[in-house]
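Morning, everyone. Please bring up the structure on your screens. I'll take it in three short steps.

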Amino acid sequence: MVGGFEVGAVPYNPDGWGPPESTATLAASSNLPLNVPFAPFSRSDKLGRIADWTRTMNNPGRPKAASDSVFDFTNDDSFPANADEDMSFRLVDGKPPPRPKFGPKWRFNQQRTQLPQRRDEEVEARKREAEKERARRDRLYNLNRSNVNATRREAAVFKSSVEIQPEWNMLDQIPFSTFSKLSFSVAEPEDLLLCGGLEFYDRTNDRITPKNERRLERFKNRNFFKVTTTDDPVIRRLANEDKATVFATDAILSTLMCATRSVYSWDIVVQRVGNKLFFDKRDGSQLDLLAVHETSQEPLPEAKDDINSAYSLSVEAAYINQNFSQQVLVRDGNKVAFDEPNPFANEGEEVASVAYRYRRWKLDDDMYLVARCEVQSVMEVNKQRSFLTLNALNEFDPKYSGVDWRQKLETQRGAVLATELKNNANKLAKWTAQALLASADMMKLGYVSRVHPRDHFNHVILAVVGYKPKDFAAQINLNTSNMWGIVKSIVDLCMKLNEGKYVLVKDPSKPQVRIYEVPADAFENDYVEEPLAEEDQVQPPGEDENGATANAGTDDAAEKVDAAQA
């Protein structure tokens with residue numbers, strides 16, 4: 001049987017609020033226990049707490065007090081001071097619950113035991129701390145990034161490829177953002193003429209590994225020619241025969257096609273003669289060299305004499321590329337000859353293995369483009385001849401790229417290539433564009449490294465990898481239609497100009513190209529800002545004039561052309 005709950009007698013005070021004034025009457029008329037503390041109050045008085053649920057009972061860093069009960073009011077002024085015996089009285093066990101072995105679920109349950117208001121305050125506090133930490137990280141990141149970009153921009157702005165003369169008249173400037181939207185499709189080209197001779201590729205080079213590296217040799221007796229468009233006797237002959245309207249070389253076309261990926265300044269001379277258009281490069285132009293670490297965020301030393309400066313590395317890369325293209329061949333004297341011999345070589349002169357394909361593309365109904373394209377080797381595949389282009393990537397110091405080729409080439413070759421695509425995007429894109437222009441069946445990339453990071457004279461070949469140009473172009477996101485769209489837009493723009501000489505200059509600090517009208521005798525006297533020394537064009541860095549003849553300059557080539565024409 002369930003018993004009832006007796007509330008007891010409640011005294012009535014007819015004179016006002018609270019219990020009656022007579023305690024005797026209260027004691028006599030009430031069955032409540034005597035000597036219970038009572039705190040009289042008015043509406044303006046502060047009430048005491050019944051229970052403090054806002055205490056953190058399980059804070060390990062908080063020093064334990066004598067009493068942790070939520071019902072402990074010994075320090076509350078609302079109760080009289082003679083309640084010392086209540087120190088030993090506990091209504092609720094205030095000890096924290098035992099910590100379980102597994103944390104996430106326990107932490108979730110602990111958060112649920114808190115009051116909603118208290119939990120919201122802690123959540124807001126954590127959010128504020130996280131926001132402060134995020135702001136601090138963003139501030140440091142932007143500071144570091146601004147420092148890197150400032151150094152990189154300063155290095156790029158510091159030097160222009162050509163000195164802008166005051167008498168030059170700027171006609172137009174084209175931002176790179178307009179180039180990315182262009183598209184133009186061309187039909188397959190036709191071969192007009194093949195000149196030179198090719199040696200066969202040595203397949204044993206495909207088995208080179210970092211553990212079985214091969215020393216890079218120096219070819220001192222072979223001549224290389226970097227002849228511009230108007231100094232080419234074959235192009236002059238084709239122009240006289242009205243074979244085309246626009247004339248250029250593969251190096252110049254690839255520079256235009258990959259202009260949006262360039263960081264360093266470059267320039268191309270444009271000559272409008274009658275209804276024909278010639279794209280040329282200056283004597284000692286930067287187009288004869290190979291930029292290294294152009295698109296990297298890691299700044300290179302600015303001192304030109306430093307072996308790791310941009311200029312020194314470009315000379316070293318050109319020297320490596322030429323020697324590599326001759327070392328990977330079967331040098332047994334067996335050559336594949338074409339229609340005509342090398343148009344730039346003298347009788348009996350030893351020249352490098354190279355073939356020039358003069359090809360013609362149709363740009364419009366009455367506009368054709370002829371370009372001289374180069375291939376460096378040939379290979380027999382299924383009883384058919386396949387043309388190859390040979391180029392070499394060079395490692396100068398692993399601390400700049402962050403990837404050590406000797407350790408990563410065998411196990412993580414994709415990571416090495418990805419790093420090179422990030423640091424040398426423009427150079428790899430230009431090589432791919434040249435292979436596509438020449439319709440090469442394969443492009444061989446060599447990985448060449450210094451014997452020691454501080455020795456820029458001696459190098460070793462660590463690996464040789466082959467790629468199909470179309471597949472590699474798709475891998476590096478090189479769009480053929482966009483490449484030809486850029487060339488077509490520049491050709492259309494230049495065909496609207498009057499007869500004369502002009503120069504296209506990549507702005508050293510902004511992603512844009514400027515067109516200047518220059519005098520007819522420009523670049524024939526002292527217009528080159530910093531002409532390349534003959535030893536920089538002909539030999540590897542650090543050797544004397546008689547030590548190597550790796551490259552013949554365009555001045556010598558021009559003399560040979562004049563002699564041939566005479």
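**Cysteines, a sheet and a cavity**

Start with the cysteines. The count of disulfides is 0, taking a disulfide as a pair of cysteine sulfur atoms within 2.5 Å. Keep in mind that this is a predicted model.

Take two cysteines. Are C373 and C494 buried or exposed? The cut-off for buried is under 20% relative accessible area. C373 has 0% relative accessibility, so C373 counts as buried. C494 has a relative accessible area of 1%, so C494 is buried too.

Now the sheet. How many strands form it? There are 10, and the sheet is open. Follow the order with me: β1-β15-β14-β5-β6-β4-β9-β8-β2-β7. The pairing is mixed. What stands at the edges? β1, residues 169-175, and β7, residues 335-337. Each has a single partner strand, so one side of each is left without a neighbour in the sheet. From one strand to the next, the twist averages 20°.

A quick reminder for the first-years. Strands of a sheet pair through backbone hydrogen bonds, and they can be parallel or antiparallel. β6 gives us both cases.

Look at β5 first, residues 267-273. β5 runs antiparallel to β6, residues 276-280, and 5 bridges join them. Among the partners, Q271 pairs with F278, and V270 pairs with F279. β5 and β6 form a hairpin with 2 residues between the strands. There, G274 takes a positive phi near 65°.

Next, β4, residues 246-249. β4 runs parallel to β6, with 2 bridges between them. F247 stands opposite F278 in β6. So F278 is our meeting point: Q271 is its bridge partner from β5, and F247 stands opposite it from β4.

How much of β6 is buried? 5 of its 5 residues are, so β6 is largely enclosed by the rest of the structure. Another reminder: in a regular strand, side chains alternate between the two faces of the sheet. In β6, both faces are covered. K276, F278 and D280 are buried on one side. L277 and F279 are buried on the other.

Last step, the cavities. The whole structure has 3 cavities of 30 Å³ or more. Let's visit the second largest, with about 50 Å³ of space. Which residues line it? V292, H293, N394, E395, F396, D397, S401, W405, E420 and N424. That lining divides into 3 nonpolar, 4 polar and 3 charged residues.

That's my tour. Questions, please.

Terms used. Residues are numbered from 1 along each chain as its sequence is written. This is a predicted model: local features need pLDDT of at least 70, side-chain atom pairs count only at pLDDT 80 or more; totals for chains, interfaces and linings use all residues. Side-chain values use heavy atoms; hydrogens and water are left out. Buried means under 20% relative accessible area, exposed over 50%, partly exposed in between (1.4 Å probe, protein chains only). On a 1 Å grid over the protein atoms alone, a cavity is a set of points where a 1.4 Å probe fits but cannot get out, and a pocket is an open set with protein on both sides within 12 Å along at least five of seven lines; lining residues have an atom within 4 Å of a point. Grid points are joined across faces, edges and corners, and a volume is the space filled by probe spheres set on the points. Ala, Val, Leu, Ile, Met, Phe, Trp, Tyr, Cys and Pro count as nonpolar, Asp, Glu, Lys and Arg as charged, and the others, Gly among them, as polar. Two strands pair if DSSP finds at least two bridges between them. Helices (H or I, at least four residues) and strands (E, at least two) are DSSP runs, numbered from the N terminus. Axes are lines fitted to C-alpha atoms, for helices over the stretch in contact, and angles run from 0 to 180 degrees between N-to-C directions.
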